[in-house]
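Q: Please take a close look at one part of this structure and describe it carefully, step by step. I would also like to see how that part is placed with respect to the rest of the chain.

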Amino acid sequence: MNKSQQAGFTLIELVMVIVILGVLAAVALPKFVNVDDDAKQAAVNGVAGALSSASAINYASRKANSTKGVAVAKCSDVVAALQGGALPTGYSVTTDSTAAVDVTVSTCVLTANTKTATFTVTGIS
C-alpha cells in the first residue's frame with residue numbers, strides 16, 4: 001500500500017493567508033501614519049515642559065541669590081535659562097507676552113513643525 005503524502009500548502013490556503021495579511025495591513029497602516037504627528041507634538045510638549053521647569057528653577061535660584069540665573073521680563077527671556085541657552089532648531093516662542101516681574105506667571109506659546117504647546121513663565125528681575 002503506497003499512500004501519497006501531502007507536501008506543502010494548497011493554493012486556497014496560500015490565498016487565504018495573503019487575504020488576511022492584506023486586511024491586517026489595511027487596518028494597521030493608518031495607525032502608523034498618525035504616529036509621525038503624535039511624535040512631533042510630543043517633542044514640542046517636551047521642550048515646552050523644559051521651558052516651564054527652567055523658569056521655575058531660574059525663579060528660585062534668582063530669588064535666593066540675585067546674581068544667579070537670568071532676569072525674565074517676557075516669555076522668550078526664559079530660553080537663556082535652558083542648558084545651552086537656546087531652543088532646538090526650528091522652535092520659537094510665538095507668544096512673547098510680558099511677564100510682570102516677581103511671582104506673576106504668564107502663559108506663553110511654543111511653536112515647531114506646525115505644532116504648538118503652552119508653557120508658563122514666572123517673571124523676575
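A: A residue is called buried when its relative accessible area is under 20%, exposed when it is over 50%, and partly exposed in between. With that cut-off, 24% of the 125 residues of the protein chain count as buried in this predicted model. The accessible surface of the chain comes to about 8,300 Å², and 62% of that surface belongs to carbon and sulfur atoms.

The part to look at closely is the helix, and its setting comes first. The protein chain has one helix and three strands, and from the N terminus on these elements follow one another as α-β-β-β. Helix H1 covers residues 11-64.

We can begin with a surface feature. Leu 11, Val 15, Val 19, Val 23 and Val 27 make a nonpolar surface patch of about 460 Å². One of these residues, Val 27, lies in helix H1, and Val 27 counts as exposed because its relative accessible area is 55%, which is over the 50% limit.

Further along helix H1 there is a pair of charged side chains. Side chains of opposite charge can pair when their charged atoms come close. Here Lys 40 and Asp 36 meet in a salt bridge, with 3.7 Å from N to O, and the count of salt bridges in the model comes to one. Both residues lie in helix H1, four residues apart, which is about one turn of the helix. Neither partner is buried: Lys 40 is partly exposed, with a relative accessible area of 31%, and Asp 36 is also partly exposed, at 44%.

Asn 58, which lies in helix H1 as well, gives a contrasting picture. Its relative accessible area is 5%, so Asn 58 is buried. If residues up to four places away in sequence are left aside, Asn 58 touches Gly 69, Val 70, Val 72, Ala 81 and Ile 124.

The next step is to ask what the helix lies against. The three strands form an open sheet in the order S1-S2-S3, with antiparallel pairing. Strand S1 (92-95) and strand S3 (115-122) stand at the edges, and each has a single partner strand, so one side of each is left without a neighbour in the sheet. From one strand to the next, the twist averages 45 degrees. Strands of a sheet pair through backbone hydrogen bonds, either parallel or antiparallel. Three bridges join S1 to the antiparallel strand S2, which covers residues 105-112, and one bridge partnership is that of Thr 95 with Val 109 in S2. Helix H1 lies across S2 and S3, and the helix runs at about 5 degrees to S3.

Between the helix and the first-numbered strand there is also a loop to consider, and Lys 74 is placed in this loop between H1 and S1. At 34% relative accessibility, Lys 74 counts as partly exposed. Although Lys 74 and Ser 106 are 32 residues apart along the chain, their C-alpha atoms are separated by 8.4 Å. For the protein chain as a whole, residues 24 or more positions apart account for 46% of the contacts with a separation of 6 or more.

Taken together, helix H1 carries the exposed Val 27 and the buried Asn 58, and the helix lies across strands S2 and S3.

Notes. Residues are numbered from 1 along each chain as its sequence is written. This is a predicted model: local features need pLDDT of at least 70, side-chain atom pairs count only at pLDDT 80 or more; totals for chains, interfaces and linings use all residues. Side-chain values use heavy atoms; hydrogens and water are left out. Helices (H or I, at least four residues) and strands (E, at least two) are DSSP runs, numbered from the N terminus. Buried means under 20% relative accessible area, exposed over 50%, partly exposed in between (1.4 Å probe, protein chains only). Contact means heavy atoms within 4.5 Å. Two strands pair if DSSP finds at least two bridges between them. Axes are lines fitted to C-alpha atoms, for helices over the stretch in contact, and angles run from 0 to 180 degrees between N-to-C directions. Patches are made of residues with over 30% relative accessible area and no salt bridge: like charges are joined within 9 Å, nonpolar side chains (Val, Leu, Ile, Met, Phe, Trp, Tyr) within 5 Å. Accessible areas come from the Shrake-Rupley method with a 1.4 Å probe; for residues, only the protein chains shown count as cover. A salt bridge is a side-chain nitrogen of Lys or Arg within 4 Å of a carboxyl oxygen of Asp or Glu.
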